[in-house]
Structure formats: C-alpha cells, structure tokens
Amino acid sequence: MRSSQLSAPDPVQQALLEAARHACTQAYAPYSKFPVGAAVLDEHGHIHAGCNVENAAYPQGACAEAAALAAMVLAGGRQARAVAVVGTGGHWITPCGGCRQRLREFCGPDTPIFTASPTETGPTHTLAELLPHSFGPDHLPTTP
Ligand SMILES: [Zn+2]
C-alpha cells in the first residue's frame, strides 16, 4: 500500500484537517471513548464535517465519515474531492469498511484520504488503495 505525506502543508489539506479535528472534539462517543472527526471537500470547494455519534443500542451509532457525507449531500455536494479523518488513540485511523463503500459513492479512485491525529498529520491514501476492485455507481445500469 502506498502512503505518503506532503512535505509542505497544502492549504486545502490543512483546512480539511482543521475541520475534521474540530469535528473530532464534538464527537458523541460515551461508549467507545473513541472520538472521530471527518471532513470532505466537495466539488464547489466547500468543506463539510461530521463526527461519530454513538448510541446505547450500539449498531445504531453512526461514523464520522457518514455524517460528513450526509452534510455534503444536504448542502448540494455530490463529489468528494478530498477527505480527512482524524482519530485519537495513537494509530492513524482510516475509514472503516462500511465508510470506504460510502465514500466510493462520491469519490474517485484517486481521491486523497488524509489521516491525522489531533496534533499530527499521518499518511495519505487514495480510495482505490483502501477499497481496491470496488463496486460503485458506474457498475449499475442507471448511474446518478
Ligand atoms: Zn465507518
């Protein structure tokens, strides 16, 4: 798997990371104690953020990426040009399997997915690296 870090901070990446870091501080994660924030950049240049929202009925919890995508769609965005995911806990976190598929709906194979902690920037992956040989809208006879 390829991973890379930008040598100089990119302003768009920095703005995405800032939004995801703020979202991480707003997470509702009383059960896992694992707050996550995510942010997506849409085709209009707007950034939409989301945080994980857990539930006492555990499977009803929602991931940060799903919340960020929902915010993007609500605002009229239909393409995610870049994604940032921020987590705590000492490891660079990437989207879970379900969220990789959610991102596949709105991202291209080369869409960068930045990882970060609240204070540091981690590796960048493309969606194709995280979800190779994926199934998406282009596989259906009627594509949105
Ligand atoms: Zn997820």
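In the predicted model, strand β1 (residues 36-42) and strand β2 pair in the antiparallel sense over five bridges. The two strands form a hairpin with four residues between them. Within the turn, G45 has a positive phi of about 85°. Two of the pairings can be placed by residue: V40 stands opposite H48 in β2, and A39 has A49 as its bridge partner in that strand.

Strand β1 is also joined to β3, by seven bridges, and these two strands run antiparallel as well. Here the bridge partner of V40 is V83, while that of G37 is V86. V40 is thus bridged to H48 in β2 and to V83 in β3.

The hairpin belongs to an open sheet of five strands in the order β2-β1-β3-β4-β5, with mixed pairing. The edges of the sheet are formed by β2 and β5 (121-126), each of which pairs on one side only. On average, neighbouring strands are turned by 20° against each other, direction ignored.

Burial was then examined strand by strand. In β1, seven of the seven residues are buried, so this strand is largely enclosed by the rest of the structure. In a regular strand the side chains alternate between the two faces of the sheet. Both faces of β1 are covered, with V36, A38, V40 and D42 buried on one side and G37, A39 and L41 buried on the other. Strand β2 (residues 47-51), although an edge strand, is mostly covered, as five of its five residues are buried. From β2, I47, A49 and C51 point one way and H48 and G50 the other way.

Two helices were related to the sheet by their axes. Helix α1 lies across β1, β2, β3, β4 and β5 and runs at about 145° to β1. Helix α2 lies across β1, β2 and β3, and its angle to β2 is about 145°.

The largest nonpolar core contains 39 residues, of which L16, A20, A38, A39, A68, V83 and A84 touch the most other members. At least two residues of this core come from each of α1 (11-25), β1, β2, α2, β3, α3, β4 (112-116) and α4. The most is given by α2, with seven residues. The surroundings of A38 illustrate how these elements meet. Leaving aside neighbours within four places in sequence, A38 is in contact with A20, A23, A49, G50, A64, E65, A68, V83, A84 and V85.

Helix α3 (residues 97-104) has C99, L103 and R104 as its buried residues. These cover an arc of only 150° around the axis, which puts them on the same side of α3. An α-helix has 3.6 residues a turn, so residues three or four places apart point the same way. The face of α3 turned away from the buried side carries the exposed residues G97 and G98. The cover over the buried residues of α3 includes α2 (64-74), β3 (80-87) and α4 (127-130).

For the protein as a whole, there are four helices and five strands, which follow the pattern α-β-β-α-β-α-β-β-α when read along the sequence. The C-alpha trace spans about 40 × 40 × 30 Å along its principal axes. With 144 residues, a compact globule would have a radius of gyration near 15 Å, and the 14 Å of the protein agrees with this. Of the 144 residues, 38% count as buried. Among contacts between residues at least 6 apart in sequence, 60% join residues at least 24 apart.

Methods:
Residues are numbered from 1 along each chain as its sequence is written. This is a predicted model: local features need pLDDT of at least 70, side-chain atom pairs count only at pLDDT 80 or more; totals for chains, interfaces and linings use all residues. A residue is buried if 20 or more other C-beta atoms lie within 10 Å of its own, exposed if 12 or fewer, and partly exposed in between; C-beta atoms are placed from the backbone. The arc is that of the directions from the helix axis to the C-beta atoms. Two residues are in contact if their C-beta atoms, placed from the backbone, lie within 7 Å. The radius of gyration is taken over C-alpha atoms; the globule rule is 2.2 Å times the number of residues to the power 0.38. Two strands pair if DSSP finds at least two bridges between them. A nonpolar core is a set of buried Ala, Val, Leu, Ile, Met, Phe, Trp, Tyr and Cys residues joined through C-beta atoms within 7 Å. Axes are lines fitted to C-alpha atoms, for helices over the stretch in contact, and angles run from 0 to 180 degrees between N-to-C directions.
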